Amino acid sequence: MAKAWTGSRIDLHLDVTAAGPAKRRAALEAALREAIRDGSLRPGVPLPSSRGLADQLGISRGTVTSAYGQLVDEGFLTSRPGSGTAVADVRDPKPPAASPHRFAAVRPEHDLRPGSPDLAAFPLRGWTAATRRVLSAARPELFGAGDPQGRYELRAALADYLGRTRGVQTSADRVVITRGYHQSVHLIARVLRSQGATTVAWEEPGHADFRKYVAGAGLEVRPLPVDEGGAMVDGLTDEAAVFLTPAHQYPTGVPLDPPRRRAVVEWARTNGALVVEDDYDGEFRYDRRPVGAMQPVATCEVVYCGSASKTLGPGLCLGWLALPSRLVEAFVRAKLETESFSEGVGQAVLADFLASHAYDRHVRAARLRYSRRRERLVELLDEFPRLTVKGVPAGLHVVVALPADGPGESEIRAEGETRGLAVRGLAELYQNADNAEQGLLIGYAAASERAYPAALAALAGTLRAVGF
């Protein structure tokens, strides 16, 4: 029996043993019909021989032969001499369109939301070449559980890259690889809680989703107002940490003033607190060289966060933390508590991509592309004098302040939806709704080069339709 089973053309998972001997043929027929209807058995799939299936199911060969014959007569199966028995095509020639999963991300026709790079410009050729080099030289350990701190070659490549481009002072032993900023925030909150922290400060307005992660970890989140000089750090008191976007504040687009940088570092040193620096789009500055990271002047107080989400794409799930030496062990332990395995292939490919300077070339090309797009967007917005563009020329979005006596962001977004246009509102990013200002966040990176002109046209049509 074992020989016949292992020699079958295909294994079928059918349960007919519960039926009595007299009913097994009917049970087998019903099971096969159901598998064919629901797609488990697809058209053209060859079935085991009657002897092979009988051995698999522990029933008589005659029962299988009779069931096959009945389903051939009904059109569910086909049978030709010398070709065996196969599944017939009984599908509806015009099946109903499948509904998208309720958690699936559906991209709008005209995507001007902030935060995403141009995925159509992903450096596929360079990434493919790096992947081939990695796999051709791969050792078996590449496919193992992985180092929870992250692959050494990636940590070393990042230490070099961040030092060259962002001024970050770190080394491979002080870098921890994460699955992106979302995991970095979870780990930071987990470590803070384990060390007895109860309260942190967060920019207002700021990254609302990530702020919720911290609150969900049991930490009180105090809003830290933002003005033209960035976060108003003189409002910090006894918080255990402050979360900042100093190079390009999200969402207002202003950098943190140098005196405030010095002040927050002094506050952290005096109070034994941490500064969490989210350098989410620090590479993208268009009117001058990018503002350097804050970490180099406070390597013992700053947790530096970065990721490939804005440069390559969020689907890679690759982020990193440059940590004070005293915190590395705590972060690695926290990561181990949440996941037992660490993906290795993608890390190795990114390490090669960085070491070959393909990453630098891609960022330079993206910077030129996004700079031109921002200029086109600002030129369009200049046609609407009641709108005010805020923030420095940097990042992947602009902030547009709305006049108090004009249409609100909800009205504009609703009109945009009728045209297939998606932008984001500013008010939803405030922790305290009473302090919320009306505005729009308009991204210029997510749409492809080909789709961008139509997206701008949809934006102009929307603004005119609501009365601007």
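What covers the buried residues of helix H8? Keep that in mind as you click through this predicted model.

**Stop 1: helix H8.** Select residues 208-216, which make up H8. Now highlight Ala-208, Phe-210, Arg-211 and Val-214: these are the buried residues of the helix. They sit on the same side of H8, because they span an arc of only 160° around the axis. The general rule behind this is that an α-helix has 3.6 residues a turn, so residues three or four places apart point the same way.

Next, spin to the face turned away from that buried side. There you'll find Lys-212 and Gly-216, both exposed.

**Stop 2: the cover.** Back to the opening question. Show helix H7 (181-194) along with strands E5 (199-204), E6 (220-227) and E8 (241-244); these are included in what covers the buried residues of H8. Before moving on, pick Gly-218, just after H8: its phi is positive, about 100°.

**Stop 3: an open sheet.** Jump to four strands that form an open sheet, ordered E12-E13-E16-E15, with antiparallel pairing. At the edges are E12 (388-390) and E15 (424-425), each pairing on one side only.

Now select residues 397-401 and 439-443. These are E13 and E16, an antiparallel pair joined over five bridges. Which residue in E16 does Val-398 stand opposite? Label Ile-442 and you have the partner of Val-398.

Last, add helix H13 (residues 409-418), which packs on the sheet and touches E15 and E16. Look at the directions of H13 and E16: the angle is about 40°.

Technical notes: Residues are numbered from 1 along each chain as its sequence is written. This is a predicted model: local features need pLDDT of at least 70, side-chain atom pairs count only at pLDDT 80 or more; totals for chains, interfaces and linings use all residues. Side-chain values use heavy atoms; hydrogens and water are left out. Two strands pair if DSSP finds at least two bridges between them. Helices (H or I, at least four residues) and strands (E, at least two) are DSSP runs, numbered from the N terminus. Contact means heavy atoms within 4.5 Å. Axes are lines fitted to C-alpha atoms, for helices over the stretch in contact, and angles run from 0 to 180 degrees between N-to-C directions. Buried means under 20% relative accessible area, exposed over 50%, partly exposed in between (1.4 Å probe, protein chains only). The arc is that of the directions from the helix axis to the C-beta atoms.
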